[in-house]
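Student: Please take a close look at the side-chain contacts in this structure, beginning with the charged pairs and then turning to the aromatic rings.

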Amino acid sequence: MTVYCLTGLGADSSVFELLQINYPKVCIEWIPSYKWENMASYAWRLCAQIDTSKPFVLLGVSFGGMLAVEMNKYIQPKQTILITSLARRSELPLWIRLIARTKLNRLLPSFLFVSNPKWLILFFGIKSERGKKLVTKIAKMSDRVLTQLSIDKVLTWDNEWLPDNLVRIVAANDRLLPNSKGAEAFRIQGAGHFAIVENAEEISVQVDKILSEVN
């Protein structure tokens with residue numbers, strides 16, 4: 001059984017380097033995005049990277065988790081695992097939904113969407129040197145246009161459907177995408193939004209446990 005991994009917005013496969021699980025991992029590669037397409041359309045095009053002839057699991061972090069939910073509308077994974085992510089528009093924090101109403105993101109130049117690494121480190125609650133170096137690299141190497149278009153997809157996301165096979169792993173101190181009230185989840189205490197790196201060992205244990213129960 002293959003685990004297909006989707007990274008967070010602007011990130012690359014390096015965020016999964018510390019995820020040690022007993023199943024083969026394949027990282028989905030970002031592809032060019034279009035202004036006209038929504039989250040569902042982009043997710044459909046990403047499905048081409050998955051071998052559906054064999055059992056597989058989708059594992060998405062942050063923005064990648066939202067895409068994993070949308071991919072369930074076109075393909076049938078054995079399990080969908082969300083890490084520090086959300087599954088429905090109604091779960092988005094109020095401040096994100098307010099930005100969506102104003103459409104302020106569309107009025108700003110793309111370079112503003114490559115955030116200051118120091119601000120990200122503080123907001124994500126990153127403590128380890130590895131985490132700080134990685135998020136700094138991500139901020140500097142991110143494709144500005146793809147990042148801007150991806151943010152627009154989040155702000156215009158309209159999904160309220162939940163896959164039956166959904167499992168969540170959340171960070172107790174996630175300031176960006178806090179866990180939705182009432183949503184059942186494995187909680188990583190003391191972790192922030194960058195838990196996939198900062199708390200990789202604990203998350204690896206939880207993911208392996210989830211996968212061991214997949215039929």
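**Charged pairs and ring contacts**

Tutor: Glu-70 has a relative accessible area of 1%, so this residue counts as buried. The model is a predicted one. The salt-bridge partner of Glu-70 is Lys-73, with the closest N and O atoms 2.9 Å apart. Lys-73, in contrast to a buried residue, is partly exposed, its relative accessible area being 37%.

A second charged pair consists of Glu-37 and Arg-45, whose side chains form a salt bridge with an N to O distance of 2.7 Å. Glu-37 is buried at a relative accessible area of 4%, whereas Arg-45 is partly exposed at 22% relative accessibility. The cut-off matters here: buried means under 20% relative accessible area, so Arg-45 at 22% falls in the partly exposed class.

A third salt bridge joins the side chains of Arg-168 and Glu-91, at 2.9 Å from N to O. Arg-168 belongs to strand β5 (residues 166-171), while Glu-91 lies in the loop between β4 (79-83) and α3 (94-102); the pair thus links distant parts of the chain, 77 residues apart. Arg-168 and Glu-91 are both buried. Through shared partners, salt bridges also bring in Arg-88, so that Arg-88, Glu-91 and Arg-168 make up one network. Across the whole structure, the search finds 6 salt bridges.

The aromatic rings come next. The whole structure contains 4 aromatic pairs according to the search. In one of them, the ring centres of Tyr-4 and Phe-56 are 6.0 Å apart and the planes stand at 80°, so the arrangement is edge-to-face. Because Tyr-4 is in strand β1 (residues 2-6) and Phe-56 is in strand β3 (residues 56-61), this pair ties together parts that are 52 residues apart in sequence. Tyr-4 is buried at 7% relative accessibility, and Phe-56 is buried with a relative accessible area of 3%.

The rings of Tyr-34 and Trp-36 have another geometry: their centres are 5.5 Å apart and their planes meet at 5°, so this pair is stacked. Tyr-34 is partly exposed at 37% relative accessibility, and Trp-36 is exposed, with a relative accessible area of 65%.

Ring pairs also link Trp-30, Tyr-42 and Phe-63 into a cluster. Tyr-42 has a charged neighbour as well: the charged end of Lys-153 sits over its ring, 5.6 Å from the ring centre. Tyr-42 is therefore a residue at which a ring cluster and a charge-over-ring contact come together.

Terms used. Residues numbered from 1 in each chain as written. Predicted model: local features only at pLDDT ≥ 70, side-chain atom pairs only at ≥ 80, totals over all residues. Heavy atoms only, no water. Phe/Tyr/Trp six-rings, centres within 6.5 Å; stacked < 30°, edge-to-face > 60°. Helix = DSSP H or I, 4+ residues; strand = E, 2+ residues; numbered from the N terminus. Buried < 20%, exposed > 50% of the residue type's maximum accessible area, 1.4 Å probe, protein only. Lys NZ or Arg CZ within 6 Å of the ring centre and 35° of its normal. Salt bridge = Lys/Arg side-chain N within 4 Å of Asp/Glu carboxyl O.
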